[in-house]
Amino acid sequence: MLLIIDDDKNILNICKTILEMNDYNVKIFENFHSALSFYRKNKEKITAILLDMYQPDTNYIVTIPALLAVNPEAKIIGMSGSPIPEDLIKENNNSIKYFLKKPFVLKDLIDIIAKIITPNI
């Protein structure tokens, strides 16, 4: 299952539709705290997390450590329309596997998820 966390309903719905059309099971959340609660209960079912790095109620400085506290092996794909500090990956133990700059091409998202789920492709 893929977990998508973004405050933008349009991004959530488009990503969910495209990913489901490509046979992925997707759970979406507009709010990080609801997503974190779900993740805590279902971490073994989540194969990757698509995370908006800047949200109205929080940002990556809070969200990434919270996700890693639940699962230190979490596979996180960051996304944002804003620049992300280059040292972000190093600071978070390489937990950000990929980063998508909004707006992004949906095929890029599908390709990245395929690489995370099947790393040898």
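The expected span of a helix is 1.5 Å times one less than its number of residues. This rule will serve at the first stop of the tour, which moves through a predicted model.

**Helix α5**

Please select residues 106–117, which form α5. With 12 residues at 1.5 Å a residue, α5 should span 16 Å, and the 17 Å between its end C-alpha atoms agrees with this. Next, display the side chains of L109, I110, I112, I113, A114 and I116, the buried residues of this helix. The elements that cover them include β1, α1, β3, β6 (76–80) and β7.

**The loop before α5**

Move back along the chain to P103, in the loop between β7 (96–101) and α5. The peptide bond joining K102 and P103 is cis, with omega of about -10°.

**The nonpolar cores**

Now turn to the largest nonpolar core, which has 21 residues. For a first view, select L3, Y39, I49, L51, I64, L67 and I76, the residues with the most contacts inside this core. Two or more residues are given to the core by each of β1 (2–5), α2 (32–42), β3 (48–52) and α3 (60–70). The largest share, six residues, comes from α3. A second core, separate from this one, has 20 residues; among them are C15, L19, Y24 and I77.

**The aromatic pair**

Select F29 and F38 next. A pair of aromatic rings is described by the distance of the centres and the angle of the planes. A search of the whole structure finds one aromatic pair. The ring centres of F29 and F38 are 5.4 Å apart and their planes lie at 45°, so this pair is tilted. Are these two residues buried or exposed? Both F29 and F38 are buried. Add K27 to the selection: K27 lies over the face of F38, at 5.5 Å from the ring centre.

**The loop after α1**

Proceed to D23, in the loop between α1 (9–21) and β2 (26–29). Although D23 is not a glycine, its phi is positive, at about 70°. Its relative accessibility is 73%, and because exposed means over 50%, D23 counts as exposed.

**Confidence along the chain**

Finally, colour the protein chain by pLDDT. The mean for the chain is 87, and 88% of its residues reach 70 or more. Where is confidence lowest in the protein chain, and where is it highest? The lowest mean, 56, belongs to helix α4 (residues 88–91), whereas the highest, 98, belongs to β2.

Note on methods
Residues are numbered from 1 along each chain as its sequence is written. This is a predicted model: local features need pLDDT of at least 70, side-chain atom pairs count only at pLDDT 80 or more; totals for chains, interfaces and linings use all residues. Side-chain values use heavy atoms; hydrogens and water are left out. Helices (H or I, at least four residues) and strands (E, at least two) are DSSP runs, numbered from the N terminus. Buried means under 20% relative accessible area, exposed over 50%, partly exposed in between (1.4 Å probe, protein chains only). pLDDT is the predictor's confidence in each residue, from 0 to 100. Rings of Phe, Tyr and Trp (its six-membered ring) pair if their centres lie within 6.5 Å; planes under 30 degrees apart count as stacked, over 60 as edge-to-face and the rest as tilted. A charge sits over a ring if NZ of Lys or CZ of Arg is within 6 Å of the ring centre and within 35 degrees of the ring normal. A nonpolar core is a set of buried Ala, Val, Leu, Ile, Met, Phe, Trp, Tyr and Cys residues joined through side-chain atoms within 4.5 Å. Contact means heavy atoms within 4.5 Å.
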